[in-house]
Amino acid sequence: GLMQLMPDTASDMVRLGLVDGSEYDPEDLSDAETNIMFGCAYLRYLIDYFNGSTDYAIAAYNAGLGHVLDAIRLAELYGKNPKVWDNNVDYFMLHKSQPEIYRDSVVRFGYCDGKQTFNFVNNIMENYTHYKNTIKK
């Protein structure tokens, strides 16, 4: 679908009351309006979860919340700032495909293709900065 939302995530959103399941059916993610509604609601949830931090939210949207939480725990364990994405948490996301990282005792969600998520976040943030600087208010 448009927002690349997984059906289980959509069902969880209805169960948690993030989306009204009587208005939008999580089983109908092939419908563009439903797909966009669920995707936007989930992204809003993640931005709120991370207290407005869009880079963490984008990473969690892409890789899953658990993998980002793993990267945060790894950053804290290895003396990086768990509240700063750039050159801190992103390092552990990038390396979450390496056994010495994803097998660490603080990791709960195992292997992740962190390079893909690392690049995804960087691309979106670069595009955002470009558009913000290009479009005048």
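Just after α3, Gly64 takes a positive phi of about 110°. That glycine is a good place to enter this predicted model. The helix before it, α3, spans residues 54-63.

**Overall build**

The protein has 7 helices and 0 strands. Read from the N terminus, the order of elements is α-α-α-α-α-α-α. Its C-alpha atoms fill a box of roughly 45 × 40 × 25 Å along the principal axes. The chain counts 137 residues, and 38% of them are buried. Take the contacts between residues at least 6 apart in sequence: 45% of these join residues at least 24 apart.

**Helix α3 and its cover**

How many of the 10 residues of α3 are buried? The count is 8, and the helix is mostly covered. The buried residues are Asp55, Tyr56, Ala57, Ile58, Ala59, Ala60, Tyr61 and Ala63. They pack against four helices: α2 (32-49), α4 (65-77), α5 (85-94) and α7. The last of these, α7, covers residues 114-134.

**Three helix pairs**

The table sets out the packing of three pairs.

| Pair | Angle | Axis separation |
|---|---|---|
| α3 and α7 | about 135° | 9 Å |
| α5 and α7 | roughly 150° | within 8 Å |
| α3 and α4 | about 130° | 6 Å |

Start with α3 and α7. Their axes lie 9 Å apart at about 135°. The two helices are therefore oblique to each other, as angles over 145 degrees are needed for roughly antiparallel. The crossing of α3 past α7 is right-handed. On the α3 side, the contact uses Thr54, Asp55, Ile58, Ala59, Asn62 and Ala63. On the α7 side, it uses Gln116, Thr117, Phe120, Val121, Ile124 and Met125. By class, this contact holds 7 nonpolar, 4 polar and 1 charged residues.

An α-helix has 3.6 residues a turn, so residues three or four places apart point the same way.

Next come α5 and α7. Their axes come within 8 Å and cross at roughly 150°. Why do α5 and α7 count as roughly antiparallel? Their angle is over 145 degrees, so they fall in that class. From α5, the residues in contact are Trp85, Asp90, Met93 and Leu94. From α7, they are Gly114, Lys115, Thr117, Phe118 and Val121. The classes here are 5 nonpolar, 2 polar and 2 charged. Thr117 and Val121 of α7 also appear in the contact with α3.

The third pair is α3 with α4. Here the angle is about 130° and the axes are 6 Å apart. That makes α3 oblique to α4. Tyr56, Ala59, Ala60 and Ala63 of α3 meet Leu65, His67, Val68 and Ile72 of α4. The contact divides into 7 nonpolar, 1 polar and no charged residues. Ala59 and Ala63 of α3 also take part in the contact with α7.

**Positive phi outside glycine**

Two asparagines have a positive phi although they are not glycines. Asn51 has a phi of about 50°. Its place is the loop between α2 and α3. Asn51 has a relative accessible area of 74%, so it is exposed. Asn87 has a phi of about 60°. This residue sits in helix α5. With a relative accessible area of 61%, Asn87 is exposed too.

**Cysteines**

How many disulfides does the structure hold? There are 0. Cys40 is partly exposed, at 42% relative accessibility. Is Cys112 buried or exposed? Cys112 is buried, because its relative accessible area is 7% and the limit for buried is under 20%.

**Tyr111**

Tyr111 lies in the loop between α6 (99-102) and α7. At 48% relative accessibility, Tyr111 is partly exposed. Which residues does Tyr111 touch, leaving aside neighbours within four places in sequence? They are His67, Lys96, Ser97 and Tyr102. One of them, His67, also belongs to the α4 side of the contact with α3. Tyr111 and Gly1 stand 110 residues apart in sequence. Their C-alpha atoms are 25 Å apart in space.

Terms used:
Residues are numbered from 1 along each chain as its sequence is written. This is a predicted model: local features need pLDDT of at least 70, side-chain atom pairs count only at pLDDT 80 or more; totals for chains, interfaces and linings use all residues. Side-chain values use heavy atoms; hydrogens and water are left out. Axes are lines fitted to C-alpha atoms, for helices over the stretch in contact, and angles run from 0 to 180 degrees between N-to-C directions. Angles under 35 degrees count as roughly parallel, over 145 as roughly antiparallel, 65 to 115 as roughly perpendicular and the rest as oblique. A crossing is left-handed if the near helix is turned anticlockwise from the far one by less than a right angle, and right-handed if clockwise. Contact means heavy atoms within 4.5 Å. Ala, Val, Leu, Ile, Met, Phe, Trp, Tyr, Cys and Pro count as nonpolar, Asp, Glu, Lys and Arg as charged, and the others, Gly among them, as polar. A disulfide is a pair of cysteine sulfur atoms within 2.5 Å. Buried means under 20% relative accessible area, exposed over 50%, partly exposed in between (1.4 Å probe, protein chains only).
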